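Reader: I am new to this structure and would like to learn how to read it, one feature at a time. Could you take me through it slowly, giving the general idea before each case?

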Amino acid sequence: MKNKILLPHHWQLIGFMIFLVGFLGGLSIMIFNWEWEPLRVTLPQWLPGIGPGLFNSATNNLTDEISLSMTLLGLCLICFSAEQEEDEFIRHNRLESLQWALLINFVVLFVATWVVYNDGYWYVIITAMVTMPMIFLIRFRWMLYRNNLQKDLP
């Protein structure tokens, strides 16, 4: 059965490479507070009431934005790439894995809302964007692996 939404299978490898670069960059930002200096830019602030005028400027390093964007883009390419053999089982597995990921992500966000405060909650929100597709991929791959193991048993 052909699914019109899925990308071709070879996009999984491209997505994995983009994800790996973005994820490692994001980890280095969160753990070591690393920023790449050529990405420091001056951007306009569009929010009124911040400073003396309507259009203020602020200096920002775009390393964290680029790392998060690469991580999300890579995960999106991996999640929405077709398998070599797409069948009804894989389609059902995709849907069930997505439901599990959504449920687990909601539970983690609910608990974190009541347990984590101040600046730590900002990290919870950032990681929540990445955990849902990661949980989906982990469960989806695990179910495919388990199914392949059962096929190989006599």
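Author: Let us begin with a helix, keeping in mind that this is a predicted model. Helix α2, residues 63-79, has 17 residues and reaches 24 Å from its first C-alpha to its last, which is close to the 24 Å expected at 1.5 Å a residue.

Reader: Which residues of α2 are buried?

Author: A residue counts as buried when its relative accessible area is under 20%. In α2 the buried residues are T63, S67, T71, G74, L75, L77, I78 and C79.

Reader: Which residues does I18 touch, leaving aside those up to four places away in sequence?

Author: I18, which is found in helix α1, touches M70, L73, G74 and L77 when residues up to four places away in sequence are not counted. Two of these contacts, G74 and L77, are also listed among the buried residues of α2. I18 and L75 are 57 residues apart in sequence, yet their C-alpha atoms are 8.4 Å apart in space. I18 itself is partly exposed, because its relative accessible area is 23%, and the partly exposed class lies between the 20% and 50% cut-offs.

Reader: What makes up the nonpolar surface patch?

Author: The patch covers about 1200 Å² and is made by F16, L20, L24, L27, M30, I31, F32, W34, W36, W122 and Y123. The elements that give two or more residues to this patch are α1, residues 11-32, and α4, residues 119-152. Helix α1 gives the most, with seven residues. One of the patch residues, F16, has its place in helix α1 and is partly exposed, with a relative accessible area of 42%.

Reader: How should I read a salt bridge, and how many does a search of the whole structure find?

Author: The general idea is that side chains of opposite charge can pair when their charged atoms come close. In this structure, a search of the whole model finds five salt bridges. One of them joins R141 and E83, whose closest N and O atoms are 2.9 Å apart. R141 lies in helix α4 and E83 in the loop between α2 and α3, so this pair ties together parts that are 58 residues apart in sequence.

Reader: Are R141 and E83 buried or exposed, or do they fall in between?

Author: The two partners fall into separate classes: R141 is partly exposed, with a relative accessible area of 30%, whereas E83 is buried, with a relative accessible area of 13%.

Reader: Which residue forms a salt bridge with R94, and which with E96?

Author: R94 forms a salt bridge with E86, the closest N and O atoms being 2.7 Å apart, and R94 counts as buried because its relative accessibility is 11%. E96 forms a salt bridge with R139, and here the closest N and O atoms are 3.1 Å apart. This second pair links distant parts of the chain, since E96 is in helix α3 and R139 is in helix α4, 43 residues apart. E96 counts as partly exposed at 26% relative accessibility, while R139 counts as buried at 16%. Elsewhere, salt bridges that share partners join E35, E37 and R40 into one network.

Reader: What else surrounds R139?

Author: Not counting residues up to four places away in sequence, R139 touches N93, E96, S97 and W100. With one of these residues, S97, the side chain of R139 also makes a polar contact of 3.5 Å.

Reader: Where are N33 and N118 found, and what is notable about the phi of each?

Author: The general background is that most residues other than glycine have a negative phi. N33 has a positive phi of about 55° although it is not a glycine, and N33 is found in the loop between α1 and β1, the latter being residues 40-45. N118 likewise has a positive phi of about 55° although it is not a glycine, and N118 is found in the loop between α3, residues 88-115, and α4.

Reader: Are N33 and N118 buried or exposed?

Author: A residue counts as exposed when its relative accessible area is over 50%. N33 is therefore exposed, with a relative accessible area of 62%, and N118 counts as exposed at 71% relative accessibility.

Methods:
Residues are numbered from 1 along each chain as its sequence is written. This is a predicted model: local features need pLDDT of at least 70, side-chain atom pairs count only at pLDDT 80 or more; totals for chains, interfaces and linings use all residues. Side-chain values use heavy atoms; hydrogens and water are left out. Patches are made of residues with over 30% relative accessible area and no salt bridge: like charges are joined within 9 Å, nonpolar side chains (Val, Leu, Ile, Met, Phe, Trp, Tyr) within 5 Å. Accessible areas come from the Shrake-Rupley method with a 1.4 Å probe; for residues, only the protein chains shown count as cover. A salt bridge is a side-chain nitrogen of Lys or Arg within 4 Å of a carboxyl oxygen of Asp or Glu. Helices (H or I, at least four residues) and strands (E, at least two) are DSSP runs, numbered from the N terminus. Buried means under 20% relative accessible area, exposed over 50%, partly exposed in between (1.4 Å probe, protein chains only). Contact means heavy atoms within 4.5 Å. The expected span of a helix is 1.5 Å times one less than its number of residues. A polar contact is a pair of N or O atoms within 3.5 Å; within protein, one must be able to donate a hydrogen and the other to accept it, and residues adjacent in sequence count only if both atoms are side-chain atoms.
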